[in-house]
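Reader: Please choose one part of this model where the backbone does something out of the ordinary and look at it closely. Then go on from there, step by step, into the parts around it. I am in my first year, so please keep the wording plain.

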Amino acid sequence: MTVVLGVDLGTSAVKVSAVNKAGKIVAQESFDYPLVPQLKPGYAEQNPEDWVIATTVSIVRLILNDGINASQIEGISFSGQMHGLVLLDENYKVLRPAILWNDTRTSDQVLEINRKLGSKFVEITGNKALEGFTLPKILWVKENEPEIFSKVKVFLLPKDYLRFRMTDKIFTDFSDAAGTVALNVRKKIWSKEIIDAFGLPQSIFPPLLESIAFAGNISNSYSEFSGLSKQTKVFAGAADNAAGAIGAGILKTNMVMSSIGTSGVVLKIEQDKNINYHGKIHFFNHGIPNRFYSMGVTLAAGYSLSWLKNTFGKADNFDDFVKSASNSTVGAKGLMFTPYIVGERTPYADGDIRGSFVGIDGIHQRSDFVRAVLEGIVFSFKDIFVLYDQIGANFDTVVSIGGGAKSPLWMQIQADIFNKKVISLKNEQGPGIGAAIIAATGLGWFDSVEEAAKQFISFGKEYQPNPKNVVRYESLYKIYKQIYPATAKISHELIDYRRSF
């Protein structure tokens with residue numbers, strides 16, 4: 001038996017899956033790692049060495065505990081948390097902790113990008129500058145830590161640093177490079193115009209590869225460290241959302257992905273590189289060669305539900321807590337929730353907006369609040385669907401993954417609010433299986449990512465929209481859309497008040 005390893009490098013843990021040619025996960029190991037203690041509000045950092053140790057421990061466990069012989073591992077590829085900044089010196093040593101995707105210290109740098117390049121920036125990158133992206137982080141280090149910046153030889157994204165430690169080779173792939181917002185996404189080159197505008201050295205930008213491209217063999221040093229064979233081939237890998245889309249079978253333009261994790265993502269594959277969302281929706285290079293994907297983000301999707309449970313149902317079983325929403329009704333008896341509890345990204349790029357319950361009445365029970373949160377999260381996804389509708393996107397199938405796919409009630413709410421068929425996956429593994437598909441394709445097991453996905457992915461139960469509920473939710477959505485403009489000014493004033501203490 002031969003296998004590939006799909007390495008899913010997340011924000012809090014790594015998961016390594018051994019997958020055979022039939023697409024079956026024959027063994028899986030994971031290992032957690034912490035954030036660096038927060039130095040200031042809005043900071044989120046990690047020690048890149050923790051990624052290496054956690055991944056290596058997981059691989060060693062696959063070999064020692066799960067009976068995977070190192071000689072059986074033909075290839076490895078990656079899914080990686082996006083936008084993180086790893087800075088290396090001339091000896092390829094880490095200069096400072098990695099600044100992560102959810103770090104928000106870069107507001108001044110975002111303003112600078114917008115002031116200097118304006119709409120030209122969106123034209124080049126397909127995206128508006130936001131605090132989470134990598135370029136503002138690079139500018140922040142340049143302006144605030146000049147001694148460190150003067151020593152920078154190259155920067156890498158998180159998965160690329162992990163791959164470097166395995167192979168001694170420096171690369172990034174197009175999908176992760178697009179998430180830096182320093183890439184010309186349509187030309188697939190680092191943007192000289194952006195680099196020059198901010199006085200950055202071209203030399204710090206790593207070479208670019210397709211996700212399925214060969215990136216090197218396991219190095220001598222990492223072979224000794226991990227027990228892996230030096231014959232094992234390593235492939236570039238992809239950003240987590242690109243790998244997640246592959247792992248969810250989002251391979252046709254008539255499909256979108258609805259992913260409810262801590263944040264929420266609506267993602268669509270794009271064949272036309274010239275489509276223009278004017279920065280309202282993210283537009284990135286895909287992990288599939290010469291393809292693209294677009295994406296809208298709700299910052300606090302599953303996090304909103306976790307917050308509600310931890311605050312008002314800490315002792316409850318999570319599944320039972322979600323099921324309690326069935327004791328309410330469509331529209332939660334007139335109660336609405338906006339999931340802006342950490343700000344919002346799509347369609348409102350507003351870091352200071354905050355969530356709200358609207359319509360609280362003495363009749364409302366806890367089940368109504370749970371139902372309102374489930375519906376509010378899906379309404380926030382509906383906002384993204386509307387942006388797609390405005391440019392004539394045509395899709396009829398939603399593949400739901402993450403927390404939203406674990407609840408039949410929540411799946412039906414999605415079908416009714418979206419007025420689309422919603423389907424689940426039989427064995428959801430998300431970005432990790434996407435990474436394994438990339439490795440299998442790179443090895444030549446399959447002729448294309450699409451062919452590999454057909455072997456590796458199976459769809460599960462379908463949920464069709466209930467026409468009666470569709471009509472009711474359409475009326476409710478018209479009310480939901482009014483909440484952001486009605487509460488934005490108040491939210492911003494309250495945020496300012498809180499900051500004054």
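**A loop and the elements beyond it**

Author: Ala332 is found in the loop between helix H11 (318-323) and strand E20. The model is a predicted one. In this model the phi angle of Ala332 is near 50 degrees, which is a positive value in a residue that is not glycine. Most residues other than glycine have a negative phi, and most peptide bonds are trans. Is Ala332 buried or exposed? Its relative accessibility is 0%, and because buried means under 20%, Ala332 counts as buried.

Asn290 can be set beside it. Asn290 has a positive phi of about 60 degrees, although it is not a glycine. It sits in the loop between strands E18 and E19. With a relative accessibility of 55%, Asn290 counts as exposed, whereas Ala332 counts as buried.

The next item concerns a peptide bond. The bond from Thr346 to Pro347 is cis, and its omega is near 5 degrees. Pro347 belongs to the loop between strand E20 (336-338) and strand E21 (356-358). Which residue 39 positions away along the chain has its C-alpha atom 9.6 Å from that of Pro347? That residue is Val386. Val386 is part of helix H12, and its relative accessible area of 22% makes it partly exposed.

Helix H12 leads on to a sheet. H12 covers residues 366-390 and lies across four strands, E16 (255-260), E17 (264-270), E19 (292-298) and E22 (397-402). Its direction is at about 25 degrees to E17. These strands belong to an open sheet of seven, with mixed pairing and the order E18-E19-E17-E16-E22-E23-E24. Strand E18 (282-285) and strand E24 (459-463) are at the edges; each has a single partner strand, so one side of each has no neighbour in the sheet. Direction ignored, neighbouring strands of this sheet are turned against each other by 30 degrees on average.

A second helix, H13 (residues 408-418), lies across E16, E22, E23 and E24 and runs at about 145 degrees to E23. Strand E23 (residues 421-425) is joined to the edge strand E24 by three bridges, and the two run antiparallel. Within this pair, Leu425 stands opposite Phe459 of E24.

Two more helices come between E23 and E24 along the chain, judging by the residue ranges: H14 spans 431-443 and H15 spans 449-456. Two packed helices are described by the angle between their axes and the distance between the axes. The axes of H14 and H15 come within 9 Å and cross at roughly 125 degrees. That angle makes H14 oblique to H15. The crossing of the two helices is right-handed. On the H14 side, Ile433, Ala436, Ile437, Ala440 and Thr441 take part, and they meet Val449, Ala452, Ala453 and Phe456 of H15. Sorted by class, this contact has eight nonpolar residues, one polar residue and no charged ones.

Another helix pair can be read in the same manner. Helix H2 (residues 107-125) packs with helix H3 (residues 134-144) at an angle of about 130 degrees, with the axes 10 Å apart. H2 and H3 are therefore oblique to each other. H2 passes H3 in a right-handed crossing. From H2 the contact uses Gln109, Val110, Glu112, Ile113 and Phe121, and from H3 it uses Leu135, Pro136, Leu139, Trp140, Glu143 and Asn144. By class, there are seven nonpolar, two polar and two charged residues in the contact of H2 with H3.

The last part is strand E1. All seven of its residues, 3-9, are buried, so E1 is largely enclosed by the rest of the structure. In a regular strand the side chains alternate between the two faces of the sheet. Here Val3, Leu5, Val7 and Leu9 are buried on one side, and Val4, Gly6 and Asp8 are buried on the other, so that both faces are covered. Seven bridges join E1 to strand E5 (residues 73-80), and these two run parallel; in E5, Gly80 is the bridge partner of Leu9. E1 is also joined by seven bridges to strand E2 (residues 13-20), here in an antiparallel way. Leu5 has Ala18 of E2 as its bridge partner. E1 and E2 form a hairpin, with three residues between the strands.

Methods
Residues numbered from 1 in each chain as written. Predicted model: local features only at pLDDT ≥ 70, side-chain atom pairs only at ≥ 80, totals over all residues. Heavy atoms only, no water. Axes fitted to C-alpha atoms, helices over the stretch in contact; angles between N-to-C directions. Parallel < 35°, antiparallel > 145°, perpendicular 65-115°, else oblique. Left-handed = near helix turned anticlockwise from the far one by under 90°. Contact = heavy atoms within 4.5 Å. Nonpolar A, V, L, I, M, F, W, Y, C, P; charged D, E, K, R; others polar. Pairing = 2+ DSSP bridges. Buried < 20%, exposed > 50% of the residue type's maximum accessible area, 1.4 Å probe, protein only.
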